[in-house]
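Trainee: I should be grateful for a close look at a single part of this structure, followed outward into the rest of the chain. Please take the backbone, the burial and the contacts together.

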Amino acid sequence: MKLVIKAINVPHPFPYQGSKRGIAKSILSYFPSDVHCLMEPFCGASAVSIAAAAYGFAEQFILNDLNKPLMDLWSEIIERPSVLCDEYEKQWIEQQPDPKTYFFKVRNEFNKTHNPYQLLYLLARIVKGSVRYSSDGQFNQSADNRRFGMKPNTMRQNIFGVSALLSKKTIISAVDFRQVVKKANKNDLIYMDPPYQGTSFTRDHRYLNGLYYEDFVDALSYMNELNLSYIISYDGITGEKAHGKLLPDSLHLKHLYIHAGRSSQATLLGNDHETIESLYLSPSLVCRLESKKPSIKQHVH
Ligand SMILES: C[S@@+](CC[C@H](N)C(=O)[O-])C[C@H]1O[C@@H](n2cnc3c(N)ncnc32)[C@H](O)[C@@H]1O
C-alpha cells in the first residue's frame, strides 16, 4: 500500500509550530495515484500541499485555515510573490539597527492592521515558529533574538518556489474546516492536521482556535457517510508518553505511526525523545489504495 518516494528539495516560506514538513514525504506515501484536488483544511504552513505539488501528487489544491491573516499571507505568497518579497526585504533591512524594538513595533502594528507582509516578518522571527495569541486574539509571541529571520534572498527563493508550484491551481479560504470538507468529491483527498489536543483551549493559545475532540469525531463520522478519502495527523507519542486520546474504533480508521524524529512538538514539550506521530486513513481511502496498484510515477525507486 505504501509508496517509496525519492527526496527532492521542497521550498517552504516560514517555520510554523506543528508543521509537517519533516514527515510530509512519509504522508505522501499514503496518497492514491488519482488525486484530483488535495484539500488541506487546517493548512498552517501547508507543508503537505507544497510537498504534494512538488512531487506531482495532486492537480489542484484547496488551502484553508481559520486564521484569516495567515490565509491572506498565503494569497500573497502564491499570487503576488514579488511584492511580498520586496516588503520582506525592506523590513529585514529596517530591523538591523535594533531588531528587538523593531519586532515589537511590527507586532503592535500587525495587531491593528492584520497586514500579511507584517505577519511574514513576525513568523520569520518568532521563537520556534510557534504562533501564540492572547485570549482576545492578539498575536503575543516574542522574537527569537538570536536569529533575525530568513535572509531576504533565501526567502525570495522559497516564496517564488512555492508560488511556481501552487499558482493558478489553488483556492484559498479562511473558514471552519467543516465548510471545506463538504465540497470534496470522490477523486479528492483531504489531509487534516488539526491543533494538537494538548494545545486546544489551553491558557497559552498556540493557535488562533482550538477544536473539541467530540466535534472533530462527529465531523469525521459525517465524512465517512459521504465516503470521503482523508488522512489525519492527530497527536502521537514522545518517548513513553502518548499525547491525546486516540480516535474511536467506531470510525473504522486505519491507524499508523510515523517516526518523526525530534519534532518541534517534542522540543516545545521540553524533551529529547523521539516523536512518533499518529496517522489515520479513512475507510474509503484504504479501499481506494487497495483497489488500485500503486502509482509508478517517476518518484518511485
Ligand atoms: C497543527 S496546525 C497545522 C500545521 C500544518 N499541517 C503545517 O504543516 O504547518 C493546526 C492549524 O489548524 C488551524 N485551525 C484551528 N481550528 C480550526 C478550524 N476549526 N478550522 C480550520 N482551521 C483551524 C490553526 O489555526 C492551525 O494553523
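Trainee: Which residue just after α2 takes a positive phi, and what is its approximate value?

Mentor: The residue is G56, which follows directly on α2 and has a phi of about 75°. Please bear in mind throughout that this is a predicted model. The helix that G56 follows deserves the close look you ask for.

Helix α2 covers residues 47-55, and 9 of its 9 residues are buried, so the helix is largely enclosed by the rest of the structure. The buried residues are A47, V48, S49, I50, A51, A52, A53, A54 and Y55. What encloses them can be named: the buried residues of α2 pack against helices α1 (24-28) and α7 (152-166) and against strands β1 (37-40), β2 (60-64) and β4 (189-192). An α-helix has 3.6 residues a turn, so residues three or four places apart point the same way.

The helix also contributes to the interior of the chain. The largest nonpolar core has 76 residues, and A51 and A52 are among those with the most contacts inside it, together with I27, L120, I190 and Y230. The largest share of this core, 8 residues, comes from α2. In soluble globular proteins, nonpolar side chains tend to be buried together. One of the highly connected core residues, I190, touches M39, P41, V181, A184, L228 and Y230 when residues up to four places away in sequence are not counted.

Helix α2 is also represented at the ligand. Of the 22 residues that surround the ligand, the closest are G18, G44, A45, A47 and D193; A47 is one of the buried residues of α2. By class, the shell around the ligand holds 13 nonpolar, 5 polar and 4 charged residues.

Returning to the chain beyond G56, one comes to A58, in the loop between α2 and β2. A58 counts as buried because 23 C-beta neighbours lie inside 10 Å, the cut-off being 20 or more. Its contacts, with residues up to four places away in sequence left out, are V35, C37, L38, A52, A53 and L189. Two of these, A52 and A53, are buried residues of α2 itself. A58 also illustrates a long-range approach: its C-alpha atom is separated by 9.9 Å from that of K169, which is 111 residues away along the chain. Just before K169 comes another residue with an unusual backbone for comparison with G56: K168 has a phi near 70°, a positive value in a residue other than glycine. K168 is found in the loop between α7 and β3 (170-173). With 8 other C-beta atoms within 10 Å, K168 is exposed.

A further positive phi, near 60°, occurs at H114, which is likewise not glycine. H114 sits in the loop between α5 (99-113) and α6, and counts as partly exposed, with 16 C-beta neighbours inside 10 Å.

The loop of H114 leads into α6, whose packing may be set beside that of α2. Two packed helices are described by the angle between their axes and the distance between the axes. For α3 (residues 68-79) and α6 (residues 116-125), the axes come within 9 Å and cross at roughly 100°; the two helices are therefore roughly perpendicular to each other. At this contact, P69, L70, D72, L73 and E76 of α3 meet P116, L119 and L120 of α6. The residues involved divide into 6 nonpolar, no polar and 2 charged. Within α6, L119 is buried, with 23 other C-beta atoms within 10 Å. Apart from residues up to four places away in sequence, L119 touches P69, L70, L73 and F110. The C-alpha atoms of L119 and L73 are 7.3 Å apart in space, although the two residues are 46 residues apart in sequence.

Lastly, the chain as a whole gives the context. There are 11 helices and 8 strands, and buried residues make up 42% of the 301 residues. Among contacts with a separation of 6 or more, 73% join residues 24 or more positions apart. Against this background, α2 stands as a helix with 9 of 9 residues buried, followed by the positive phi of G56.

Definitions and conventions. Residues numbered from 1 in each chain as written. Predicted model: local features only at pLDDT ≥ 70, side-chain atom pairs only at ≥ 80, totals over all residues. Buried ≥ 20, exposed ≤ 12 C-beta atoms within 10 Å, placed from the backbone. Helix = DSSP H or I, 4+ residues; strand = E, 2+ residues; numbered from the N terminus. Contact = placed C-beta atoms within 7 Å. Near = placed C-beta within 6 Å. Nonpolar A, V, L, I, M, F, W, Y, C, P; charged D, E, K, R; others polar. Core = buried A, V, L, I, M, F, W, Y, C linked by C-beta atoms within 7 Å. Axes fitted to C-alpha atoms, helices over the stretch in contact; angles between N-to-C directions. Parallel < 35°, antiparallel > 145°, perpendicular 65-115°, else oblique.
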